[in-house]
Every structure is written in C-alpha cells, then in structure tokens.
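Q: Please take one part of the model shown here and go through it closely. I am in my first year, so explain the terms as you use them.

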Amino acid sequence: MHLDVQDLRNFYYRSALGRAAQKSLRGRMLELWPEAQGQTVVGFGFAAPLLRPYLAEARRVITLMPGPQGVMPWPAGMDNTSVLTEETLWPLETGHVDKLVLLHGLETSERASDLLEECWRVLGPGGRALFIVPNRGGLWARRDRTPFGYGRPYSPGQLEAQLRKHQFLPERHVGALYQFPSGQRVWMKSAGLFEKVGRHVPTIAAGGAFMVEATKLVYPPKGKVKRSKARNPIAVPVGAAKPV
C-alpha cells in the first residue's frame, strides 16, 4: 500500500522529525555516492528529498512517482523533474540509468518482483542502485506515525536474498535513522548524538532503516559453443582458387 504523496510531503518538508530523517538518509547516501558528475540519476517512490545534491552536477535527474502514490512538482523554484508513472512500466530506455535510488517504493509495492525487474532493466552497465527500506528490527517500523511504519519491513538478509534472486549483486550496506522516532523536544535535541553513536555500532539492527547498494549482474551464456563441420562441404569450383 503506497502512502499518499501529500502525507509524504508533509512529513519530509513540514515536520521537524521528517527533516531530521531527511538529513540522516541523505548524509548516509552521500557517504556512498559523494558525486554524480555527468550521470543520469533516477529516484523511484519518494526519493526527491535525497536527490537535491545531484541537481547541480548530474547530467539528468528524474524523480519517478508511482500512480497509487500520486505526484508533486519537484524541485521547488526549478524546472520540474517529477513524472507520474506506472509502478512496473517506467518511461525510461533500457540501460540508460547510472544511479537509481528507491525510497518508499519497494516495501509498499504489491508487485515487488516486477518492480525489481524494472529496476534491473533501466540500470546501465556499471550502474548502481540504492535500496532504502525500513529495518524490521528497528523502532521506526513499529510506529505508523512515520512513512517507515507502512508496508513490508525487511531484514538485511531478506533484502539481499531478494536482490540476488533478481540478478543484483549487493555490494555495501549502511544503517540510518538511529534517533528515536518521536518529534518531542527531548528526543529531537539528542538526535545528533544518537546518529553519531549509531554509525559506530557494528550491526545495523539498531537503525530504523538501512541502505543496500547493489550492482547489476549480466550473466554470460552458460556452457561452450562447439562448431560442427558441415556434413557435405561445398567443393571449390575448378579455377576459382587458382585461375588456369
């Protein structure tokens, strides 16, 4: 079940907790992908809050928003990059995306397998995808006051197994949202401390969300091709090889 785009916008842009979540997620993403010079960057779901740092240097930034969720114009004050699209039928050419970010797209999809196949299709050679999902063992997945309390939360092992099944190779994973999912002042003041301490925790189970960076696998043909000789080879006409 996709959340409404108005609810997502109100959370990330009009609430203190949402802006703190945006800061945490964007900071962790920039640690993995510090630049996108001359690349095509695509976000699906509601990835718009994370893509603003790439607007200046990327060749193209596109934000795809699924029909059940709805669409809003983005970025504010600039040319619109948002596109309302079918969940598993994107208006993108095959193999033309360098960086792909999914936020609030996979866990809320009723056709997760078809969605991953579409991700694999549009990703180009050497391209990378970043899947951001709620952590099943985190506190954020247990509170429906945030977007991370909806849909299907994942454990790191579950997400990696699903990605491998659809020809993705998980490369790196990091945690995010270590602060308590509450907008109360006492918790907001300690948010920065929780984020700093959480990054040094050896396991990402304490985070409210985690990110898995994956690359596209293209399997070579299996087996060896053996060329068989023709049963009745055509004889070379007399005089064709060496004129007489």
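The part to describe is the sheet, strand by strand, together with what lies around it.

A: The model is predicted, and in it local features need pLDDT of at least 70 while side-chain atom pairs count only at pLDDT 80 or more, with totals for chains, interfaces and linings using all residues. Residues are numbered from 1 along each chain as its sequence is written, and side-chain values use heavy atoms, leaving out hydrogens and water.

The setting comes before the sheet. The protein has seven helices and seven strands. Helices (H or I, at least four residues) and strands (E, at least two) are DSSP runs, numbered from the N terminus. From that end, the elements follow the order α-α-β-α-β-β-β-α-β-α-β-α-α-β. Of the 244 residues in the protein, 47% are buried; buried means under 20% relative accessible area, exposed means over 50%, and partly exposed is in between, with a 1.4 Å probe and protein chains only.

The seven strands make an open sheet, and across it the order is E3-E2-E1-E4-E5-E7-E6, with mixed pairing. Strand E3 (82–85) and strand E6 (168–176) are at the edges, and each has a single partner strand, so one side of each has no neighbour in the sheet. From one strand to the next, the twist averages 20°. Axes here are lines fitted to C-alpha atoms, for helices over the stretch in contact, and angles run from 0 to 180 degrees between N-to-C directions. Two strands count as paired if DSSP finds at least two bridges between them. In general, strands of a sheet pair through backbone hydrogen bonds, either parallel or antiparallel.

Strand E1 (residues 40–45) has partners on both sides. With strand E2 (residues 60–66) it pairs in the parallel sense over five bridges, and Thr40 stands opposite Arg60 in E2. With strand E4 (residues 97–103) the pairing of E1 is also parallel, over five bridges. Here Phe44 faces Leu102 of E4, and Gly45 has Leu103 as its bridge partner. Six of the six residues of E1 are buried, so this strand is largely enclosed by the rest of the structure.

Towards the other edge the pairing is antiparallel. E5 and E7 are joined in that sense over seven bridges, with Pro134 opposite Ala209 in E7. E7 and E6 are likewise antiparallel, over eight bridges, and Leu169 stands opposite Thr215 in E7. Seven of the eight residues of E7 are buried, so E7 too is largely enclosed by the rest of the structure. Helix H5 (residues 156–165) lies across strand E5 (123–134), E6 and strand E7 (209–216), and runs at about 155° to E6.

The loops next to the strands hold some less common backbone geometry. Most residues other than glycine have a negative phi, and most peptide bonds are trans. In the loop between E4 and helix H4 (112–122) is His104, which has a positive phi of about 55° although it is not a glycine. His104 is buried, at a relative accessible area of 3%. Gln167, in the loop between H5 and E6, also has a positive phi, near 65°. With 27% relative accessibility, Gln167 is partly exposed. Pro75 is in the loop between E2 and E3; the peptide bond joining Trp74 and Pro75 is cis, with omega about -5°.

Two lysines sit over rings. Lys99 is over the face of Trp33, at 5.6 Å from the ring centre, and Lys216 is over the face of Trp120, at 4.1 Å from the ring centre. A charge sits over a ring if NZ of Lys or CZ of Arg is within 6 Å of the ring centre and within 35 degrees of the ring normal.

How far can the model be trusted? pLDDT is the predictor's confidence in each residue, from 0 to 100. Its mean over the protein is 85, and 79% of the residues reach 70 or more. Confidence is highest in E4, at 97, and lowest in helix H7 (residues 191–198), at a mean of 62. Over residues 221–225 the pLDDT is below 50, and beyond near neighbours in sequence this stretch has zero contacts in the model, where contact means heavy atoms within 4.5 Å. Where pLDDT is low, the predicted coordinates should not be read in detail.
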